[in-house]
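Here are some short exercises to work through with the sequence and the 3D view side by side. Try each task yourself before you read its solution.

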Amino acid sequence: MTESPLILSELDDDGVLLVTMNRPQKKNAFHEPQWDALANTLNEAKDNPAVAVVVLTGAGGNFSSGADLSSFSGEPRPPRTDGKASAFFACVDSLFEFDKPILAAVNGVAVGGGCTIAVACDITYVGDDIRMRLPFANLGLVPEIASSYILQANIGRQRANELMFTAEWIDAARAVEMGMAARSFPAAEVLDATIGKAREIAQWPVSALRGIKQTLQVAHQAGIESARKVEDDIMMKLAGSPENIEAVTAFMQKRKPDFKQFR
Ligand code: COA
């Protein structure tokens, strides 16, 4: 497998590939090289017959704090000079095209893209230390990674609306109670528990796992595709807006944003 210090991967004899987002000093925030590295890892794992199941986790006690706000340029998804899709889009494609089970082992912070990736996984397990948040309203933005659809499918329209409009924090008990996560474990145990569950799954034929994933996904395919399209269209309009710039600047300056000035 192609190795990247930003995304570590470790395959065991049972066919479980442990994929670790590894930028702990920034709570595993995603900048372009990290989106690239995760996309490469998932694409290679998809084609690797020795991989039956992926477990996705984060280093340093946190899952991920989402998109890297310090590398924000005012342009949401900078196009590449080689004409390829932006690293973000390519990574989200890889996630949704990954055709074997992918389990998330979530500790600590799972915010923005970190939260939307966690809930897009086939099974999401959380530690009792988690802090989840969909911080789109407070950033002057809209949901991403099809979370506007997936969250409604996972927890229902009323609850999804509440989380998206308020951008409130979610703890482990609430995440499980709502159906954002399958189960919670003591923080120190969630990774081992997830790997254990992945090994249980990996004992079955990969052809069956692929087939089951396809049957489970079919009802959601159209919803995911149309959500991504609408999300990306609106994101392109709102990213770089004065409200969004105020939100990102306030985060970097460690102060509260002032949105009243725009009313
Ligand atoms: N982008 C860039 N840097 C980030 C980051 C992000 N998404 N999330 C955290 N960091 C950085 C912080 O700036 C800080 O850097 P510093 O040590 O140089 O000051 C470091 O990671 C540790 O984060 P800190 O904010 O001190 O930790 P915390 O436990 O108090 O809070 C979060 C953690 C994740 C709740 C908070 O950092 C946060 O809200 N981050 C932004 C999340 C976000 O909106 N993501 C974008 C979604 S689209």
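## Exercise 1: One helix and its buried side

In helix α4, which spans residues 147-155, the residues S147, I150, L151 and I155 are buried. Keep in mind as you work that this is a predicted model.

**Task.** Find out on which side of α4 these residues sit, and what they pack against.

**Solution.**
- Step 1. Look along the axis of α4: the buried residues cover an arc of only 100° around it, and therefore they lie on the same side of the helix.
- Step 2. Now look for partners. The buried residues of α4 pack against α2 (87-97), α3 (113-120), α5 (157-166), α6 (172-178) and α8 (206-238).
- Step 3. Walk off the end of the helix. α4 is followed by G156, which has a positive phi, near 95°.

## Exercise 2: Two residues that touch

**Task.** Take S147 from helix α4 and M164 from helix α5. Work out whether each is buried or exposed, using the cut-off that buried means under 20% relative accessible area.

**Solution.**
- Step 1. S147 has a relative accessible area of 1%, so S147 is buried.
- Step 2. M164 has 14% relative accessibility, so M164 counts as buried too.
- Step 3. List the contacts of S147, skipping residues up to four places away in sequence: S147 touches T116, F136, Q152, M164 and E231.
- Step 4. Do the same from the other end. Leaving aside neighbours within four places in sequence, M164 is in contact with L134, F136, A137, P143, S147, S148 and L151. S147 appears in that list, just as M164 appears among the contacts of S147.
- Step 5. Add some distances. S147 and I117 are 30 residues apart along the chain, and their C-alpha atoms are separated by 8.4 Å. M164 and A146 are 18 residues apart in sequence and 13 Å apart in space, C-alpha to C-alpha.

## Exercise 3: Positive phi without glycine

Here is a useful rule to start from: most residues other than glycine have a negative phi.

**Task.** Locate N28 in the loop between β2 (16-21) and α1 (32-47), and A167 in the loop between α5 and β8 (169-170). What is the phi of N28, and what is the phi of A167?

**Solution.**
- Step 1. N28 is not a glycine, yet its phi is positive, about 60°.
- Step 2. A167 is not a glycine either, and its phi is positive at about 55°.
- Step 3. Check burial. N28 has a relative accessible area of 0% and is buried, while A167, at 3% relative accessibility, also counts as buried.
- Step 4. Look for one further case at the end of a helix: just after α9 (242-252), K254 takes a positive phi of about 55°.
- Step 5. Look back at α9 itself. N244, E246, A247, V248 and A250 are buried there, and the buried residues of α9 pack against α8.

## Exercise 4: Around the ligand

**Task.** How many residues surround the ligand, and which are the closest? Then find polar contacts, using 3.5 Å as the limit between N or O atoms.

**Solution.**
- Step 1. The ligand is surrounded by 18 residues, and the closest are S65, A67, L69, R131 and K254.
- Step 2. Sort the shell by type: it divides into 9 nonpolar, 4 polar and 5 charged residues.
- Step 3. Start with the backbone. A backbone N or O atom of L69 is 2.8 Å from a nitrogen atom of the ligand.
- Step 4. Move on to side chains. A polar side-chain atom of K254 lies 2.9 Å from an oxygen atom of the ligand, and an N or O atom in the side chain of K26 is 3.2 Å from a ligand oxygen atom.
- Step 5. Finish with the surface. The ligand taken alone exposes 860 Å², and the protein buries 72% of that.

## Exercise 5: A loop residue and a helix residue

**Task.** Which residues does H31 contact, and which does A118 contact?

**Solution.**
- Step 1. H31 is in the loop between β2 and α1, and at 18% relative accessibility it counts as buried.
- Step 2. Leaving aside neighbours within four places in sequence, H31 is in contact with L6, R23, D68 and S71.
- Step 3. A118 is in helix α3 and is buried, with a relative accessible area of 0%.
- Step 4. With neighbours within four places in sequence again left aside, A118 is in contact with F63, A104, V106, T124 and M132.

Conventions:
Residues are numbered from 1 along each chain as its sequence is written. This is a predicted model: local features need pLDDT of at least 70, side-chain atom pairs count only at pLDDT 80 or more; totals for chains, interfaces and linings use all residues. Side-chain values use heavy atoms; hydrogens and water are left out. A residue is near a molecule or strand if one of its heavy atoms lies within 4 Å of it. A polar contact is a pair of N or O atoms within 3.5 Å; within protein, one must be able to donate a hydrogen and the other to accept it, and residues adjacent in sequence count only if both atoms are side-chain atoms. Accessible areas come from the Shrake-Rupley method with a 1.4 Å probe; for residues, only the protein chains shown count as cover. Ala, Val, Leu, Ile, Met, Phe, Trp, Tyr, Cys and Pro count as nonpolar, Asp, Glu, Lys and Arg as charged, and the others, Gly among them, as polar. Buried means under 20% relative accessible area, exposed over 50%, partly exposed in between (1.4 Å probe, protein chains only). Helices (H or I, at least four residues) and strands (E, at least two) are DSSP runs, numbered from the N terminus. The arc is that of the directions from the helix axis to the C-beta atoms. Contact means heavy atoms within 4.5 Å.
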